[in-house]
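Work through the exercises below with the sequence and coordinates open. Each task is followed by a stepwise solution.

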Amino acid sequence: MKRLPLAAILAVFFGWLLWSVSVRQAALFAVGLGLGAVLAGKRFGFTTGWRMLIEDKDASGVFGQLLLLALAAALAMPLLGHYPELTAALGPPSISLLVGAFVFGLCMQIADGCGSGTLYKAGMGIPMNAAILPVFAIGSFLGSLHLGWWLDLGNTQPVGLVTAWGWAPALLATLAALAVVALGVAWYVRGANMALKRPAKPLFVRKWVVGAVLLAVLATLNLIIAGQPWGVVYGFGLWAAKIANATGAVDLAANWFWSQPGNAARLHETVLLDVTSITNIGILGGALWVAAAKPVNAKPLTGTQWMVALVAGLVLGYSSRLAFGCNVGAMLSGISTGSIHGWIWVPLAFAGTIFGLRIRRHFNF
């Protein structure tokens with residue numbers, strides 16, 4: 001599809017949302033379009049950045065993510081401090097988080113995408129990610145069905161630094177921690193490249209820096225408009241839950257997760273009223289708009305690779321629910337709004353990524 005007709009379709013849908021649904025949902029759809037265009041246009045992949053660091057000793061992708069975290073925190077934390085109606089992306093430290101983050105990091109490398117990566121690559125028409133998206137949704141829904149059991153294994157109350165310390169100390173502590181991580185990553189890639197007798201690649205690359213700045217602004221707009229931080233995987237699970245509920249396949253009224261008032265209400269509303277879903281739809285549209293100018297040629301997969309990828313996508317969705325988010329919901333939104341669970345998520349997901357890359361290489365992805 002050419003860009004001009006596609007832009008017209010997206011504009012008509014935006015106008016329909018504005019007229020028939022709400023100004024807020026139309027605005028969130030526009031934010032989603034921007035997120036999708038930046039993610040696809042700059043190829044700002046969280047999965048790719050981690051893979052570049054481990055396999056190529058190239059830290060530019062991770063430095064782009066660290067910049068994104070710093071900018072997003074600098075924008076979000078003062079807002080949270082001054083406007084109590086805005087909420088942070090809090091998740092409880094728990095067995096569920098520990099297991100989910102590790103497994104998610106492992107599977108995202110096999111599936112070549114986290115939540116946002118799967119979404120924007122599906123929007124670009126990459127066959128593997130397009131096939132993984134519905135499987136991811138099913139996995140996220142299954143994870144929601146079992147989340148109560150996982151939390152019973154052990155959990156503590158969520159901790160929000162902005163609430164506990166105030167926004168200024170929380171921001172200073174977050175920026176200091178990010179600076180320590182940046183120094184550690186820079187030291188690692190310098191030593192690793194010296195051992196390989198080659199110069200280290202630049203830490204800051206334009207596409208990652210521009211992508212970080214734009215994503216930080218758009219994530220902040222999402223926080224202001226939606227009243228909550230940018231998330232991805234909740235929308236996936238909701239889509240599958242609505243299908244299951246409509247068909248009567250599962251009694252969701254008796255389920256711990258879906259019987260909670262907010263979740264139960266969303267089951268009976270159109271997905272266009274869900275702030276995560278409408279942003280996800282926008283991301284798909286923004287990525288499709290980018291791909292319309294330059295279609296992506298994906299490498300064909302073998303039958304074994306397809307099977308492994310789809311299984312990884314299912315487990316990816318399941319583990320994302322256990323971990324209370326993906327690289328966006330747990331890492332970006334968690335850390336930038338002061339949630340301790342985001343800091344727990346990162347090292348466990350990174351450890352899982354190391355093992356996931358070994359499996360990825362074994363199957364020649």
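**Exercise 1: Ala264**

Leaving aside neighbours within four places in sequence, Ala264 is in contact (heavy atoms within 4.5 Å) with Trp258 and Ser259. The model is predicted: local features need pLDDT of at least 70, side-chain atom pairs count only at pLDDT 80 or more, and totals for chains, interfaces and linings use all residues. Residues are numbered from 1 along each chain as its sequence is written, and side-chain values use heavy atoms, with hydrogens and water left out.

Task: state in which helix Ala264 is placed, and how far its C-alpha atom is from that of Val185.

Solution.
- Step 1. Ala264 sits in helix H12, residues 261–267. Helices (H or I, at least four residues) and strands (E, at least two) are DSSP runs, numbered from the N terminus.
- Step 2. Ala264 counts as partly exposed, at 23% relative accessibility. Buried means under 20% relative accessible area, exposed over 50%, and partly exposed in between, with a 1.4 Å probe and protein chains only.
- Step 3. Val185 is 79 residues from Ala264 along the chain, and their C-alpha atoms are 43 Å apart.

**Exercise 2: Overall fold**

Task: find how many helices and strands the chain has, and compare its radius of gyration with the globule rule.

Solution.
- Step 1. The count is 16 helices and zero strands.
- Step 2. The radius of gyration is 20 Å, close to the 21 Å that the globule rule gives for 365 residues, so the chain is as compact as a globular protein of that length. The radius is taken over C-alpha atoms; the rule is 2.2 Å times the number of residues to the power 0.38.
- Step 3. The C-alpha trace spans about 60 × 50 × 40 Å along its principal axes.
- Step 4. Of the 365 residues, 52% are buried.
- Step 5. Take contacts between residues at least 6 apart in sequence: 82% of them join residues at least 24 apart.

**Exercise 3: Cysteines**

Task: count the disulfides, and explain why Cys326 is not bonded to Cys114.

Solution.
- Step 1. A disulfide is a covalent bond between the sulfur atoms of two cysteines. The cut-off here is a pair of cysteine sulfur atoms within 2.5 Å.
- Step 2. The count under this rule is zero.
- Step 3. Cys107 is in no disulfide; its nearest cysteine sulfur, in Cys114, is 13 Å away. Cys107 is buried, with a relative accessible area of 5%.
- Step 4. For Cys326, the closest cysteine sulfur is also in Cys114. The separation is 5.3 Å, too far for a bond. Cys326 is buried too, at 0% relative accessibility.

**Exercise 4: Two lysines with positive phi**

Task: decide whether Lys57 is buried or exposed, then do the same for Lys197.

Solution.
- Step 1. Most residues other than glycine have a negative phi. Phi of Lys57 is near 55°, a positive value. Phi of Lys197 is near 55° as well.
- Step 2. Lys57 lies in the loop between helix H3 (46–56) and helix H4 (60–82). Lys197 lies in the loop between helix H9 (167–195) and helix H10 (206–226).
- Step 3. Lys57 is buried, with a relative accessible area of 19%. Lys197 is exposed, at 77%.

**Exercise 5: Ser319**

Task: locate Ser319 and list what it touches beyond four places in sequence.

Solution.
- Step 1. Ser319 lies in helix H14, residues 303–322.
- Step 2. Ser319 is buried, with a relative accessible area of 2%.
- Step 3. Not counting residues up to four places away in sequence, Ser319 touches Gly100, Val103 and Phe104.
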